[in-house]
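Let's take a walk through this structure together, starting at one residue and working outwards. Have the sequence and the 3D view side by side as you read.

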Amino acid sequence: MTTKTKEANSESILSDIAINAELADYSPVKGCMVIRPHGYAIWESIQKTLDKMIKDTGHENAYFPLLVPESFLQKEAEHVEGFAPECAVVTQAGGKELTEKYVVRPTSETIINHMFSKWVSSYRDLPLKLNQWANVMRWEMRTRLFLRTSEFLWQEGHTCHATHEEAKEEVIQMINVYKDLLENYLAVPVHIGEKTDSEKFAGALDTFTIEALMRDGKALQAGTSHDLGQNFAKAFDTTFTSSENKLEHVWQTSWGVSTRLIGAIIMGHHDEVGLILPPKVSPYQVVIIPILKKNMDNSAVLDKGYEIKSDLEKLGISVKIDARDQISQGIKFNEYEQKGIPVRLVVGARDLENNQVEIHRRDIRSKEKGISLDGLGELVKNLLDEIQTNLLERAKNFRQENTKNVKNIEELAEVLNSSGGFARAKWNGDVELEKILKEKFSASIRCLPLETELADDYPCILSGTISSENKEILIAKAY
RNA sequence: CGGGACAUGGCUCAGCUUGGUAGAGCGCUUCGCUUGGGACGAAGAGGUCGCAGGUUCAAAUCCUGCUGUCCCGACCA
């Protein structure tokens, strides 16, 4: 419990932090993890925020079953090709071989479309905008806590629209919702971009992504939003009668983010001590440590602690007080620092006399004694805002420092073989580049960013040609 | 799925080369003494050495297989 986090240069920062901060633990099942209360509370915090955003944009929650008939998956050719290898399949139940095998959902496109085809018949039924919070399973070769586990929690939105235009708007709207969530709540800056054909979702016409940069220089796909076109509608015969009385297939989207976001927080915000949580997603924003003395009357100190807690809570700040005796405050300090709690208040007998507390902020590990209790609430509230802002700014600066424009493969090699980070380039679309990236650098085109920065006359990284047809791309090694 | 490393009390690890039936530190329990950044002393509890085989009079130690974890690749949210 009190083991210290390994040095920042350790190659296993992710698991060290996840274990030491008590976010998760390994399960007896390969590739799966147990999400512990501190980790699950972060997920609940993300859920609460995102769920509201999803509802505010006109979606409703529903729930579809865990098991999907295997035949459903096979209805969409590209989809089955993309997912079949990583599906867990139920072949037996009730002591008998099943006549039809069930796939443990790797995503719910197929079963949801099966239902959509029953529910949609008129343009008056559209748009149909659903979301579900669920677990999914993908049998991965190599798993890592939060970033890639065989089972993970996520939300998947699924919508049907009368026109492709409207579906495209939905796709863009939701990827922007994700950007908002990542930047303004998780304090993780992201690039919105389009995936290349080889990287897009199996069965989609187009995939939009939010790409974040982790502190180790690797990129992380943190969320995706797909334009499914009419691929699933055709496979499942999801049709509607238009206002012109014509039978048409619906246009669909799907979009999701997962518990990987907790991995993004871990790998986006940490130091040599451990996790650093943005105040807005921290299970509690302030921890109060009363300095307790054994064999003495601590009631005045404890009362003050609870009083401060109550005062802060009135201002909408979430507070935990750790009143355990028998455990020294030093151990508690360390525990909450490892867990990433943004602000710590320490109150002891001496503070009581002077009407003050000691305050510690996790992001920059600064400590200040003698903070007056008068106006403490406002001070803490502002401090939390400042920490939230600082984390985002710090991550933005880090990303900027670790993004280099590259004109050719040699310049690219320098970036990818040194500190990592994003390489920004122009590309003529030749898939040869993706082959080179994969084989020589274990890297990939993360996206074609919507917000471009390079001048029109910047040359293609592969051919050196200058053309208005060339697209801007972000290249990186990725998780 | 390939390459490497590892698996010994709750945690971190020693012991394995050279086989003789298990240790340390931390944590835990009790008592005392302490107490504003991981205290100290004393006495205790706790392990069929990842699992399954094999070799041997005897296996934590040698051999084989399996499982899991970590790192590096291929695959992917």
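Does Thr-259 count as buried or exposed? With a relative accessibility of 1%, Thr-259 counts as buried, because the cut-off for that class is under 20%. Please keep in mind throughout that this is a predicted model.

Let's stay with Thr-259 for a moment. You will find this residue in the loop between β14 (251-258) and α8 (260-268). If you set aside the neighbours within four places in sequence, Thr-259 is in contact with Ile-35, Trp-43, Phe-146, Phe-152 and Leu-153. Take Leu-153 from that list: Thr-259 and Leu-153 are 106 residues apart along the chain, yet 5.5 Å separates their C-alpha atoms.

Now step back to the whole chain. Chain A has 14 helices and 23 strands. Its C-alpha atoms fill a box of roughly 80 × 60 × 45 Å along the principal axes. For 479 residues, a compact globule would have a radius of gyration near 23 Å, and the 25 Å of chain A agrees with that. Buried residues account for 55% of the 479 residues. If you consider contacts between residues at least 6 apart in sequence, 69% of them join residues at least 24 apart. As for the outside, the accessible surface of chain A is about 21900 Å², and carbon and sulfur atoms contribute 47% of it.

Helix α1 is a good next stop. This helix spans residues 13-20, and 7 of its 8 residues are buried, so α1 is largely enclosed by the rest of the structure. The buried ones are Ile-13, Leu-14, Ser-15, Asp-16, Ile-17, Ala-18 and Asn-20. What do they pack against? Their partners are β1 (24-26), α8 and α10 (329-339). You have already met α8, as the helix that follows the loop of Thr-259. Just after α1, Glu-22 takes a positive phi of about 60°.

Charges make a second route through the model. Chain A carries 58 positive and 72 negative charges, and their mean positions are 4 Å apart. Across the whole structure, a search finds 26 salt bridges. One of them joins Lys-129 to Glu-170, with 3.8 Å between the closest N and O atoms. This pair links distant parts of the chain, as Lys-129 sits in strand β7 (residues 128-137) and Glu-170 in helix α6 (residues 164-184), 41 residues apart. Both Lys-129 and Glu-170 are buried.

Another salt bridge is formed by Arg-446 and Glu-199, whose closest N and O atoms are 3.9 Å apart. Arg-446 belongs to strand β22 (residues 444-449), while Glu-199 is in the loop between β9 (190-194) and β10 (206-213), so this pair ties together parts that are 247 residues apart in sequence. Arg-446 counts as buried at 5% relative accessibility, whereas Glu-199, at 31%, counts as partly exposed.

Compare that with Glu-307 and Lys-304, whose side chains meet in a salt bridge at 3.4 Å, N to O. Here both residues are in helix α9 (residues 299-314), and being 3 residues apart, they are separated by about one helical turn. Glu-307 is partly exposed, with a relative accessible area of 41%, while Lys-304 is buried at 17%. Salt bridges can also share partners, and in this way Glu-22, Asp-322, Arg-324, Lys-332, Glu-335 and Lys-339 are joined into one network. Glu-22 is the residue with positive phi that you saw just after α1.

To finish, look at some backbone details in the loops. The peptide bond from Leu-126 to Pro-127 is cis, with omega near -5°. Pro-127 is placed in the loop between α5 (109-119) and β7, the strand that holds Lys-129. Which sign does phi take at Asp-237? Although Asp-237 is not a glycine, its phi is positive, at about 55°. You can find Asp-237 in the loop between α7 (231-236) and β12 (239-241). Ser-442, likewise a residue other than glycine, has a positive phi near 50°. The loop that holds Ser-442 runs between α14 (432-441) and β22, the strand of Arg-446. Ser-442 is exposed, with a relative accessible area of 59%, whereas Arg-446 in β22 is buried.

Methods. Residues are numbered from 1 along each chain as its sequence is written. Chains are lettered from A and ligands numbered from 1 in the order in which they are written. This is a predicted model: local features need pLDDT of at least 70, side-chain atom pairs count only at pLDDT 80 or more; totals for chains, interfaces and linings use all residues. Side-chain values use heavy atoms; hydrogens and water are left out. Helices (H or I, at least four residues) and strands (E, at least two) are DSSP runs, numbered from the N terminus. The radius of gyration is taken over C-alpha atoms; the globule rule is 2.2 Å times the number of residues to the power 0.38. Buried means under 20% relative accessible area, exposed over 50%, partly exposed in between (1.4 Å probe, protein chains only). Contact means heavy atoms within 4.5 Å. Accessible areas come from the Shrake-Rupley method with a 1.4 Å probe; for residues, only the protein chains shown count as cover. Lys and Arg count as positive and Asp and Glu as negative; His and the chain ends are not counted. The place of a charge is taken as NZ of Lys, CZ of Arg, CG of Asp or CD of Glu. A salt bridge is a side-chain nitrogen of Lys or Arg within 4 Å of a carboxyl oxygen of Asp or Glu.
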